[in-house]
Each structure stands twice: as structure tokens, then as C-alpha cells.
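Visitor: I should like to learn how strand pairing, burial and salt bridges are read from a model. May we work through one case together?

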Amino acid sequence: MKVSSFINGVYVDSEEQRNITSPVTGKLITPYSVATDAQVDEAVQAAKAALKGEWGSMSIQQRVEILYKVADGISARFDDFLEAECLDTGKPYSLARHIDIPRGAANFRVFADTIKNVADEAFHMPTPDGTGALNYTIRKPKGVIGVIGPWNLPLLLMTWKIGPALACGNTVVVKPSEETQLTMTMLGEVMNAAGVPKGVFNTVLGPGSRVGDKLISHPDLDAITFTGSTATGERVAEAASVGLRDASLELGGKNPAIVFADCDMDKAIEGTMRSVFANCGQVCLGTERVYVERPIFDEFVARLKTGAEALKLGKAEDPETTMGPLISASHRDKVLDYYQQAVDAGATVITGGGVPEMAEELKGGNWVEPTIWTGMAEDATPITEEIFGPCCHIAPFDTEDEAIEMANNSPYGLASSVWTENASRAHRVGGQMEVGISWINSWFLRDLRTPFGGAKQSGIGREGGHYSLEFYTELTNVCIKL
Ligand code: 6OD
């Protein structure tokens, strides 16, 4: 497969080639072409022109039919997408088969349904002469949307933005993370096969510091949607402010879980195992701080330790594998640095804390051990900063108020999980979490109609259902004097 930018319906090469390497082995997967500045500009101009062409004059129903075909196109090539996503990220097939690829298709279907069913608002008003007036709103596409996404759930997170952007009639220029470009590259073929007009969907490949920066600074982008770190989100917001473009920012987290003594322990362990270790801990919604009520603290720690030690690290395609590697060598260095900082901060290492012994062919991969700590002070850096690795700190608490206070004591506010069988407590505590999504007895349970985004430094804005329509459309209020 040739990996290059997709502009105006065709793949375009450039002279600068870089390598994509496997997180599992460290070996070369394939070279790819880095988009030139001129190609970024061509992509934006193609997207701008497409707004005025066939795409711009389509009825909602015609757009909806095309988006269903895109969803069907992903489903028809399910195994190819699965293989590409797992090759790029090293995540187990068992995970991507159930989450990443189905959501890639669902993101087009759900937003096609959303736009099909949305109603315009109307307000009747009196006028001094007694004839009255009627106001009604018209939703229009915002224009050319810059879509920038991360490497942890590449297809899922990019299509979560591309789906509603296209449903609303916009065109897009997509910059996937340089670490994971395969599924976005394949999506160009799916778009062509589905009959998406040329220029509606474009990708530009390359490092964020060059290609991403060139894209977000482009004056012809009308809005930018970004998922990634809070630091990069600040840079995106700064670029978007020039020309007063709108930005939707889904950023980092340091997500807490609160486990009450009245929880169903089996469910709490199963859920926390997933929320800490799924995707090797590289999920913005993942739990990195666990607060457990003192009477069940020791049992919880022991059971999570057993679960962590039973994880099987290995190749993505091996059906036994339950945890893959981290995405890159540099990310592994960062995670291992936090592992060291935890020890320096006086943590008790319950399990893990280092680099696992892997088979010879996997030694070049970015492996780290699933890790659990106890005993750190709440202001220790591994408890306050997002690590984005397969690790968590577990601390005891004595009262509900104390647990809420500790959970909310963070500059981030993306997600939380509360584990309790007491329904009153579930509502009471769940509602007090200072986060965008507060799960009770669950984690990563997603209804795409609901608002999704972060409080505090975890982001600005919400996407999902009609909230996505707010971001991806411009409203015109028509006021008719009767
Ligand atoms: O499920 C989603 O729609 C979503 N935006 C998930 C984000 C995960 C971050 O790693």
C-alpha cells in the first residue's frame, strides 16, 4: 500500500519520504510521502472549491446516502482496516475488532441519521402593527474544516469528526498523527468508491510541527477540530484565534475512578482493568487514579494486581494477546520516566514498573509492564500529570466527600467512573464529578447522541449528536415580517 496524501480525489507523492515503523518490532512497515507546503495549500483549495461544486448543491438525503455508502465501504473492508490499524498501533486485534473499526463505520451512519432527523427552530413574534413575524433558522455548513487527530484510536477518533463534518455539508482536510496514517489513507479509496465528490475529503500526511502547523495556520480553514494533548490544543486554539475561527478541542485527562465498598467487586475489577490497561493505557478516557474505600482497599489492590499480571503482552494478531506495546520509542521513554518518578516519590510498586522480557523478534518494540502503585502523596507528579500508559495509582478513602474531593482535585476534567450498587449514591456522586462524562458502574460506554468533551483543561466544546451539529454548522435566522 502506497502511503501518501489524498488531495482532490487522488493520492499525491512528494520527494520527502519518511519511515513508518512497527511499535511491536521497531522494524520498517513502509515509507510514506510527507506533504509539502504547496500540497497543504492544494488540499485546502480543493476543499474550498468542492463546497461550491456538486457537494454544495446536494440535498441532505443525497449526502446521507453517500455517508451510508462510506460506512458500508468500511464494513466491507473490515479485515483490511483491522489489519492496517493493528499494524500501525500494535493494538490487539481483539480490541480493534470490537471498538476501533465498528466505530469507524458507525461514526458515518450515526451522523447521517442525526442530520436526517434534525428539525429547524421557528419562533412566531408579535409586531406593533399586529401582522406578526416568523423567525426560522437555517443550518449551513461552516466551510472547510481542519481535522487533526491522535494516534491512539486513529480511525475511531478521526471519523468521529469527519462523519458529522461531512453530514453537515462541510469539506475536510484531515491531518492524522504521523505515527498512524494507514487507515486515513485507506479512507480515501472508500470515499471515492462511495461517490464522495473530489475535494470533499482530503488528507495531508506529515509531522505536526510542519504539516499540522501549516494546516492550522491556513487562512482558508473555517474551523478546526482537534483531539490530542492539552499542550497542542493550546497551540491549535492560538492558531484558530487568528481570523476568529471556531475550534473544538478534546484534550488530555487524568481520570479518576471511585470504588465504594458497596460496589459489585467483580464488575469494578473488570471495569477498572479495562479503563487502566485497554490500548496499553493510551486512551484519553483511561483511569490513572483509583480511589478505593478503605474496607475493600487491600482486596481491590490484590485483585487488580492479579488481573494486571495475567495480561498477555504480544503480537496484535495473536488471539491470546490482551495488551500491545506503546506507540513509539519516545512515548515509551516518557512513560518509563514517570515509572521512575513514581519510585522517587516513594511509591510502593504493587506490580510492574519496568520493561518486560519479550521474545527475540519483539525486542525492538515499545513494551512496558502494566504497573500499579500505592502510597504516593496526592501532589506527586505521576498522580497529577497525564501519563498515557498502562498504569494507575490506588489510594484509600474513608468518606464520600473525601473521595469526591480527591477525584476532582485535578486541572483536568474529561471522564470518571464511580463503582457502587447504591443508586442514590450513584446519582449523588456521579453528578458531582467535574468532568465531561461521568460513568457509573461502567467505562467507555458510548451513546453517540450524547455530549462528549472535557471540562477544565480537558477541552473546549462538546461533540456528539446535535452538539456536533452546533459545531459543524453556521446558523442563519430568517425573520419574515408577515
Ligand atoms: O468515543 C468517542 O467518541 C471518543 N471521542 C473517545 C475518545 C477517546 C480518547 O482517547
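Guide: The dialogue below takes up sheets, then a surface patch, then salt bridges.

Guide: This is a predicted model, in which local features need pLDDT of at least 70 and side-chain atom pairs count only at pLDDT 80 or more, while totals for chains, interfaces and linings use all residues. Residues are numbered from 1 along each chain as its sequence is written, and side-chain values use heavy atoms, with hydrogens and water left out.

Visitor: In which order do the strands of the open sheet lie, and how do they pair?

Guide: Strands of a sheet pair through backbone hydrogen bonds, either parallel or antiparallel. Here three strands form an open sheet in the order β5-β6-β22, with antiparallel pairing. The edge strands, each pairing on one side only, are β5 (122-125) and β22 (473-481). On average, neighbouring strands of this sheet are turned by 25° against each other, direction ignored. Such angles run from 0 to 180 degrees between N-to-C directions, with axes fitted as lines to C-alpha atoms. Strands are DSSP runs of E with at least two residues, helices are runs of H or I with at least four, and both are numbered from the N terminus. Two strands pair if DSSP finds at least two bridges between them.

Visitor: How many bridges join β6 to β22?

Guide: Nine bridges join β6 (residues 133-141) to β22. In β22, K481 is the bridge partner of A133.

Visitor: Which strands pair with β11, and in which sense?

Guide: Strand β10 (residues 223-227) pairs with β11 in the parallel sense over five bridges, and T227 stands opposite E250 in β11. Strand β21 (residues 459-460) pairs with β11 in the antiparallel sense over two bridges, where L249 of β11 stands opposite I460. In addition, β10, helix α10 (residues 230-241) and β11 make a right-handed β-α-β unit. Right-handed here means that, with the strands pointing away from the viewer, the path from the first strand over the helix to the second runs clockwise.

Visitor: Why is β11 described as largely enclosed?

Guide: Buried means under 20% relative accessible area, exposed over 50%, and partly exposed in between (1.4 Å probe, protein chains only). Four of the five residues of β11 (residues 246-250) are buried, so the strand is largely enclosed by the rest of the structure.

Visitor: Which residues form the nonpolar patch on the surface?

Guide: Y136, I138, I480 and L482 form this patch, with about 320 Å² of accessible area together. Patch residues have over 30% relative accessible area and no salt bridge; nonpolar side chains (Val, Leu, Ile, Met, Phe, Trp, Tyr) are joined within 5 Å. Y136 lies in β6 and counts as partly exposed at 30% relative accessibility.

Visitor: How many salt bridges does the structure hold?

Guide: Side chains of opposite charge can pair when their charged atoms come close. A salt bridge is a side-chain nitrogen of Lys or Arg within 4 Å of a carboxyl oxygen of Asp or Glu. The structure holds 31 salt bridges. One of them joins K48 and D220, whose closest N and O atoms are 3.4 Å apart. K48 lies in helix α1 (residues 37-52) and D220 in the loop between α9 (208-216) and β10, so the pair ties together parts that are 172 residues apart in sequence.

Visitor: Where do E299 and R303 lie relative to each other?

Guide: They are four residues apart in helix α12 (residues 297-309), and are therefore separated by about one helical turn. The closest N and O atoms of their salt bridge are 3.9 Å apart.

Methods: Patches are made of residues with over 30% relative accessible area and no salt bridge: like charges are joined within 9 Å, nonpolar side chains (Val, Leu, Ile, Met, Phe, Trp, Tyr) within 5 Å. Accessible areas come from the Shrake-Rupley method with a 1.4 Å probe; for residues, only the protein chains shown count as cover.
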